[in-house]
Amino acid sequence: MSAEPPAVEFRSVTKTFTVGRIVTTALDGIDLRIERGEIFGIIGYSGAGKSTLVRLINGLEQPTGGTVLVAGQPITGLSERRIRRLRLDIGMVFQQFNLFRSRTAAGNIEYPLRVAGRPRAERKARVAELLEFVGLSDKARNYPDQLSGGQKQRVGIARALATSPALLLADEATSALDPETTAEVLRLLRKVNRELGVTIVVITHEMDVIRAVADRVAVLADGQIVELAGTFDVFAHPQAAPTRSFVDSVLHDRPSADELDRLRATHSGRLVTVEIADGRGVGAALAAAVAAGVRFEVVYGGVSSLQDRTFGSLTLALDGPQAAVDRVAAELTTGSVSIEA
C-alpha cells in the first residue's frame with residue numbers, strides 16, 4: 001500500500017435522506033479506498049447509491065455518518081468556501097455534457113479558469129493545450145450545437161481538466177453516446193490517466209465501460225458495496241449475485257436455465273460448465289478425457305481477454321463410461337477451472 005494517502009477514502013460512511021417521516025438510506029456503511037493514479041469503476045443499477053457517492057466526493061452532499069477524505073483531507077463538515085477551493089482539484093464530466101450553449105468550445109474550456117481568476121494569457125495557452133490534447137483544435141470556435149455528441153463530451157473532458165485536477169469524476173459520461181463514440185471517449189479517459197497521471201472515478205451502470213477502462217471496481221447494491229476487486233477478478237470470478245448479473249449481461253458465456261434445458265434435450269451425456277482463467281487446466285483435462293474413452297463436445301460458451309489475461313467459460317457435453325466421465329469431471333475442477341453440473 002502506498003505511503004501517500006489515497007485519492008479518495010470513505011470510512012464507515014452512511015447517507016440518509018428524510019422526506020416527512022420517511023427515511024431512505026442511500027449509502028450504508030461504505031468503507032473504500034481509491035488509490036492515486038488508478039481508474040476506479042463504481043457500478044450499480046438505478047437506486048444503488050452511485051450518484052450519492054459521487055456527490056459526497058465533491059462535497060455536494062455531506063454524509064450522515066462517517067468520514068470522506070480527499071487526498072487525505074477530511075471534507076466532512078468543511079465550510080462551503082473551503083469546499084469550493086477543494087473542487088478546483090476535482091474535475092467533473094457529466095452524462096449530458098453540461099456545456100454553455102452560448103459559449104464556444106474554447107469558451108467552455110476557459111470558463112473554470114476565469115472562475116479561478118487565472119490571467120488571460122495563461123487561460124488562452126491552457127485552452128489551446130487542452131483542445132490539442134482532446135483532438136479538437138479545429139473546433140475551438142464552434143458552439144455546442146455545431147458539435148457531435150462525442151465532440152461535446154471531449155470538450156467536457158477538456159473543461160474538467162482545465163485547472164489541472166488530480167482527480168476526475170466521470171458520472172455516466174458515456175450513457176448518452178453511441179457505441180463507437182463511447183469507445184473514443186473511453187480511450188481519451190485512458191489517455192488522461194496514463195499521460196497526465198489523473199486518478200479517475202468512473203460511475204456507470206454499463207459493464208462494458210468497466211471492462212474497457214477500470215483497474216478496479218466496486219459493485220454497489222442497496223447502498224452497500226457487495227463486491228470490490230480488480231476488474232479481471234470481477235469478470236473471471238464474480239462472487240455476488242448483482243456482479244454475476246452485470247457480467248452475464250456483457251459476456252453471455254454461460255447458459256441460462258432455459259438454455260440448459262434446451263441443451264439437455266439435444267445432447268446426451270453429462271453437461272458441465274467450466275470456468276476458465278488464463279486458459280490453464282482445460283487442455284490437459286480434455287486430453288485425459290479422450291484417453292479415457294470420453295467423448296466431449298463444446299455446446300456453449302466463450303473465451304475473452306482482459307488486461308492481457310484470458311477468462312470465460314465453456315459448457316461441455318461429456319459422454320462415455322460413467323466412471324470415466326466422473327473422473328474427467330473431477331479433473332476439470334482442479335487448477336484454475338471450476339465445474340457446475
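This briefing walks through the overall build, the pockets, the cavities, one sheet and one buried threonine of the structure above. The model is a predicted one, so please read every value here as computed from it. The protein has 341 residues, with twelve helices and 14 strands among its elements. Its largest pocket has a volume of about 830 Å³, and a search of the whole structure also finds two cavities of 30 Å³ or more.

**Overall build**

- Taken along the principal axes, the C-alpha atoms fill a box of roughly 80 × 50 × 40 Å.
- Buried residues make up 48% of the protein.
- The accessible surface comes to about 16200 Å², and carbon and sulfur atoms own 49% of that surface.
- Among contacts with a separation of 6 or more, 68% join residues that are 24 or more positions apart.

**The largest pocket**

- This pocket, with its volume of about 830 Å³, is lined by 24 residues.
- Nearest its centre lie Arg-87, Ile-90, Met-92, Tyr-111 and Pro-112.
- Two or more lining residues come from each of helix H1 (50-57), helix H2 (80-87), strand E6 (90-93), helix H3 (105-115) and helix H5 (149-160).
- H2 gives the most to this lining, with four residues.
- Sorted by class, the lining holds twelve nonpolar, five polar and seven charged residues.

**The second largest pocket**

- Here the volume is about 150 Å³.
- The lining is made up of Ala-7, Arg-36, Gly-37, Val-70, Ala-71, Leu-86, Asp-89, Ile-90, Ala-166, Leu-167, Gly-197 and Thr-199.
- Seven of these lining residues are nonpolar, three are polar and two are charged.
- Ile-90 deserves a second look if you are comparing the two pockets: it is among the residues nearest the centre of the largest pocket, and it also appears in the lining of the second largest pocket.

**The largest cavity**

- Rolling a probe the size of a water molecule over the atoms shows where empty space is left.
- The largest cavity has a volume of about 80 Å³.
- Its lining counts 13 residues, and the closest to its centre are Phe-235, Ala-236, Arg-244, Asp-253 and Gly-312.
- At least two lining residues each are supplied by helix H8 (231-236), helix H9 (241-251), strand E11 (270-277) and strand E13 (309-319).
- By class, seven residues of this lining are nonpolar, two are polar and four are charged.

**The second largest cavity**

- This cavity has a volume of about 40 Å³.
- Around it stand Ala-170, Glu-172, Ala-173, Thr-174, Leu-186, Leu-189, Val-202, Ile-203, Thr-204 and Val-209.
- Helix H6 (179-196) and strand E8 (199-204) are the elements that give two or more residues to this lining.
- E8 gives the most, with three residues.
- The class count is seven nonpolar, two polar and one charged.

**A buried threonine in helix H6**

- Thr-182 lies in helix H6, an element that also helps to line the second largest cavity.
- Thr-182 has 13% relative accessibility and therefore counts as buried, the cut-off being under 20%.
- Leaving aside neighbours within four places in sequence, Thr-182 is in contact with Thr-174 and Leu-177.
- Thr-174 is itself one of the residues lining the second largest cavity.

**The four-stranded sheet**

- Strands of a sheet pair through backbone hydrogen bonds, either parallel or antiparallel.
- An open sheet of four strands runs in the order E2-E1-E4-E5, with antiparallel pairing.
- Strand E2 (22-34) and strand E5 (73-74) are at the edges with a single partner strand each, so one side of each has no neighbour in the sheet.
- Strand E1 (residues 8-19) and E2 run antiparallel and are joined by nine bridges.
- Along this pair, Lys-15 stands opposite Leu-27 in E2, while Glu-9 has Arg-33 of E2 as its bridge partner.
- The hairpin of E1 and E2 has two residues between the strands, and Gly-20 in this hairpin takes a positive phi near 65 degrees.

Definitions and conventions. Residues numbered from 1 in each chain as written. Predicted model: local features only at pLDDT ≥ 70, side-chain atom pairs only at ≥ 80, totals over all residues. Heavy atoms only, no water. 1 Å grid on protein atoms, 1.4 Å probe; cavity = no way out; pocket = protein on both sides within 12 Å on 5 of 7 lines; lining within 4 Å. Points joined across faces, edges and corners; volume = space filled by probe spheres on them. Nonpolar A, V, L, I, M, F, W, Y, C, P; charged D, E, K, R; others polar. Buried < 20%, exposed > 50% of the residue type's maximum accessible area, 1.4 Å probe, protein only. Contact = heavy atoms within 4.5 Å. Areas by Shrake-Rupley, 256 points an atom, 1.4 Å probe, with all protein chains shown as cover. Pairing = 2+ DSSP bridges.
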